[in-house]
Amino acid sequence: MLNLNLFRNIGFPLYLFIYLILPYSAITQTLKVDFIRNLETSLNKRDLEFIKKNFRNDENQNIPKQFSKIINDFPNSKWKIKRLKSNIPDEDILRIKVSGEKIVNGEIYILESKFDYLFSIVNGKISEGIIKNLFTTIRNDNKKIDISFKIPDRVLTGSKYDIDIILNKPLEEVIIAGAIKPHQVNSLFEQEMLLEPLASGGIFKITRAPSKPGMQIWSGIIAHPEGMITFTKSIDIVDEI
């Protein structure tokens, strides 16, 4: 049985989920294939100098710091990068996947993250970027929990939308706890979340998008006798679809 008193008192640090959220930018030039290969290699070899040399302005300081946080928590993390096709001239989009694991108190925590990275190139260097379609999970259940995440990638400004985190297997006598919380892009990294018992088989929430275009980020957690799953999802807020 799940110790609800224990989980009610856990304050969960959420900085881990939003390492990579970056500001919006215009897309101006195309990216060379060899650069993609070199970027992937540098990330996997922890070559921070390559990143500093190929990013402009504040990014050549911020990205190494954020990257260092990831490899500090998940030292064996692996990065895979591929270029996506775009219908917009001179637009470059990279699909980036990050995976890793770490052991805490004898339990293995698995990181899986994927996102699309849009950016501009100025004088041969990446100038600013935006991450879209971010979805990250960290879990220690060895994937024993059959769970579905139904969170939209984009919604209209001011519209209502559903967030459903569904445990597909009937709970029967199992007791679970969980929570979900919105974040703003420029909010503090360190935030806490109190878990509450979930009477139904997951988290079911109806919310409303902000009135202005931008990005909304949701982070949450499910605590189950088989383990714990934390998640983060970004949602594009747009004025037309």
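In the predicted model, I222 stands opposite I229 of strand β12. This pair belongs to the contact between β11, which spans residues 214-224, and β12, where the two strands run antiparallel over 11 bridges. The connection between β11 and β12 is a hairpin through 2 residues. Strand β12 also pairs with β6 (residues 154-156), here in the parallel sense and over 3 bridges. Within that pairing, V155 is found opposite I237 of β12.

Strand β12 itself covers residues 227-238, and 12 of its 12 residues are buried. The cover extends to both faces of the strand. On one side, the buried residues are G227, I229, F231, K233, I235 and I237. On the other side, M228, T230, T232, S234, D236 and V238 are likewise buried.

The chain as a whole contains 4 helices and 12 strands. Of its 241 residues, 46% count as buried. The surface exposed by the chain amounts to about 13100 Å², of which 49% is supplied by carbon and sulfur atoms. Contacts across the sequence were also examined. Of those between residues at least 6 apart in sequence, 64% join residues at least 24 apart.

Confidence in the model varies along the chain. The mean pLDDT is 80, and 77% of the residues reach 70 or more. Over residues 3-30, by contrast, the pLDDT is below 50, although in the model this stretch has 100 contacts beyond near neighbours in sequence.

The interior was next considered in terms of nonpolar cores. In soluble globular proteins, nonpolar side chains tend to be buried together. The largest nonpolar core in the chain comprises 26 residues, and those with the most contacts inside this core are L39, W79, L94, I96, F115 and Y117. Helices and strands both take part: two or more residues each come from α2 (33-44), α3 (48-54), α4 (59-73), β1 (78-84), β2 (92-104), β3 (107-122) and β4 (125-139). Strand β3 gives the largest share, with 5 residues. Another core, of 20 residues, lies apart from this one and includes I176, I180, I222 and I237. Two of these residues, I222 and I237, have already appeared in the pairings of β12, where I222 stands opposite I229 and I237 stands opposite V155.

Two residues of strand β3 illustrate the burial of individual side chains. L118 lies in β3 and has a relative accessible area of 9%; because this value is under 20%, L118 counts as buried. The C-alpha atoms of L118 and I93 are 4.8 Å apart in space, while the two residues are separated by 25 residues in sequence. I121 is also placed in β3. With a relative accessible area of 8%, I121 is buried. From I121 to N54 the C-alpha to C-alpha distance is 9.6 Å, across a sequence separation of 67 residues.

A further group of strands forms an open sheet. This sheet has 3 strands in the order β5-β7-β10, and the pairing is antiparallel. Its edge strands are β5 (147-150) and β10 (202-208), each of which pairs on one side only. From one strand to the next, the twist averages 5°. Strand β7, residues 160-167, pairs with β10 over 7 bridges in the antiparallel sense. Among the residues involved, K160 has R208 of β10 as its bridge partner.

Backbone geometry was considered last. Most residues other than glycine have a negative phi. Two asparagines depart from this pattern. N105, in the loop between β2 and β3, has a positive phi of about 50° although it is not a glycine. The relative accessibility of N105 is 79%, so this residue counts as exposed. N133 likewise has a positive phi, near 55°, in a residue other than glycine. Unlike the loop position of N105, the position of N133 is within a strand, β4. The relative accessible area of N133 is 27%, and the residue is therefore classed as partly exposed.

Technical notes. Residues are numbered from 1 along each chain as its sequence is written. Side-chain values use heavy atoms; hydrogens and water are left out. pLDDT is the predictor's confidence in each residue, from 0 to 100. Contact means heavy atoms within 4.5 Å. Two strands pair if DSSP finds at least two bridges between them. Axes are lines fitted to C-alpha atoms, for helices over the stretch in contact, and angles run from 0 to 180 degrees between N-to-C directions. A nonpolar core is a set of buried Ala, Val, Leu, Ile, Met, Phe, Trp, Tyr and Cys residues joined through side-chain atoms within 4.5 Å. Buried means under 20% relative accessible area, exposed over 50%, partly exposed in between (1.4 Å probe, protein chains only). Accessible areas come from the Shrake-Rupley method with a 1.4 Å probe; for residues, only the protein chains shown count as cover.
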